[in-house]
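Here is a short set of exercises to work through with the model open beside you. Try each task before reading its solution.

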Amino acid sequence: MQLEKIIQKLKEKGCKITPQRRAVIQSLLNFSKFPTALEVFNDIKATNPDVGLDTIYRNLNLLVEIGIVNSINLPGKDVKVFELSIDGHHHHLVCLNCGQADCLDYCPIDEQGLQTAAGSEFQITGHSLEIYGYCHKCKSALK
Ligand SMILES: [Zn+2]
Ligand SMILES: [Zn+2]
Ligand SMILES: [Zn+2]
């Protein structure tokens, strides 16, 4: 009942659940990898032929703003992938070769060190971090 749990969370945040939003979340749950907006669009289009790519972008961005979806930049690919993020912020290991993104299960950022670096004038409300490199599969293939 992942979907219902997420819908519940959206409602708690005072967010209206439109059929498109529901479809976007359901679609994100369908993928075993992190999809691009276009892949989400194609997935939803299969069952909702009337949906537009703009609508998908708008809804994805809105879900990112609410904090229920993460967008991950893939370096050098000029494309973002999306993942559901129900349990707050975390970081990713992004493969420069195949674009695969893996979630880190803890935050390696030292919040206090960050505040020192930012200076006392700046109030930190959040951060994002993506770690680039080569995944296990690509590392062996590149040898
Ligand atoms: Zn890779
Ligand atoms: Zn993640
Ligand atoms: Zn963090």
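A residue is called buried when its relative accessible area is under 20%, exposed when it is over 50%, and partly exposed in between. Keep in mind that this is a predicted model.

**Exercise 1. Sort by accessibility**

Task: decide whether Cys 107, Cys 135 and Gln 115 are buried, partly exposed or exposed.

Solution:
- Start with Cys 107: its relative accessible area is 28%, so Cys 107 is partly exposed.
- Next comes Cys 135, which has 13% relative accessibility and therefore counts as buried.
- Finally, Gln 115 has 31% relative accessibility, so this residue is partly exposed.
- To place Gln 115 in the fold, look at helix α5, which runs over residues 111-118 and contains it.
- For a sense of distance, the C-alpha atoms of Gln 115 and Leu 60 are 31 Å apart, with the two positions 55 residues apart along the chain.

**Exercise 2. Count the disulfides**

Task: find how many disulfides the model has.

Solution:
- Recall the chemistry: a disulfide is a covalent bond between the sulfur atoms of two cysteines.
- Then apply the cut-off, a pair of cysteine sulfur atoms within 2.5 Å.
- The count by this rule is zero disulfides.

**Exercise 3. Read the zinc site**

Task: list the protein donors of the zinc ion (ligand 2) and work out their spacing in sequence.

Solution:
- Collect the donor atoms: Glu 83 appears twice through OE atoms, His 90 and His 92 each through NE2, and Cys 103 through SG.
- Check the distances, which run from 2.0 to 2.4 Å from the zinc ion.
- Write the donor residues in sequence order to get the spacing E-x6-H-x1-H-x10-C.
- Now test two donors for burial: Glu 83, at 5% relative accessibility, counts as buried, and His 92 is buried too, with a relative accessible area of 3%.

**Exercise 4. Describe the two pockets**

Task: give the volume, lining and domain origin of the largest pocket and of the second largest pocket.

Solution:
- The largest pocket holds about 260 Å³ of space.
- Its lining has 16 residues, and Asn 70, Ser 71, His 90, His 127 and Ser 128 lie nearest the centre.
- By class, the lining of the largest pocket splits into twelve polar, three nonpolar and one charged residues.
- Strand β1 (residues 69-74) supplies the largest share of that lining, four residues.
- Domain 1 (1-87) and domain 2 (89-143) each contribute at least three residues to the lining of the largest pocket.
- Turning to the second largest pocket, the space comes to about 220 Å³.
- Among the residues that line the second largest pocket are Phe 34, Leu 74, Val 81 and Cys 103.
- Here the classes are six nonpolar, four polar and two charged.
- Strand β4 (residues 101-103) gives the most to this second lining, with three residues.
- The second largest pocket lies between domain 1 (1-87) and domain 2 (89-143), because both give residues to its lining.

**Exercise 5. Step back to the whole chain**

Task: summarise the secondary structure, the extent and the buried share of the protein chain.

Solution:
- Count the elements: the protein chain has six helices and five strands.
- Follow them along the sequence to obtain α-α-α-α-β-β-β-β-α-β-α.
- Along the principal axes, the C-alpha trace spans about 50 × 45 × 30 Å.
- Of the 143 residues in the protein chain, 31% count as buried.

Notes
Residues numbered from 1 in each chain as written. Chains lettered and ligands numbered in written order. Predicted model: local features only at pLDDT ≥ 70, side-chain atom pairs only at ≥ 80, totals over all residues. Heavy atoms only, no water. Donors = N, O, S within 2.8 Å, 3.2 Å for Na, K, Ca; no water. Buried < 20%, exposed > 50% of the residue type's maximum accessible area, 1.4 Å probe, protein only. 1 Å grid on protein atoms, 1.4 Å probe; cavity = no way out; pocket = protein on both sides within 12 Å on 5 of 7 lines; lining within 4 Å. Points joined across faces, edges and corners; volume = space filled by probe spheres on them. Helix = DSSP H or I, 4+ residues; strand = E, 2+ residues; numbered from the N terminus. Nonpolar A, V, L, I, M, F, W, Y, C, P; charged D, E, K, R; others polar. Domains from an automatic or database assignment.
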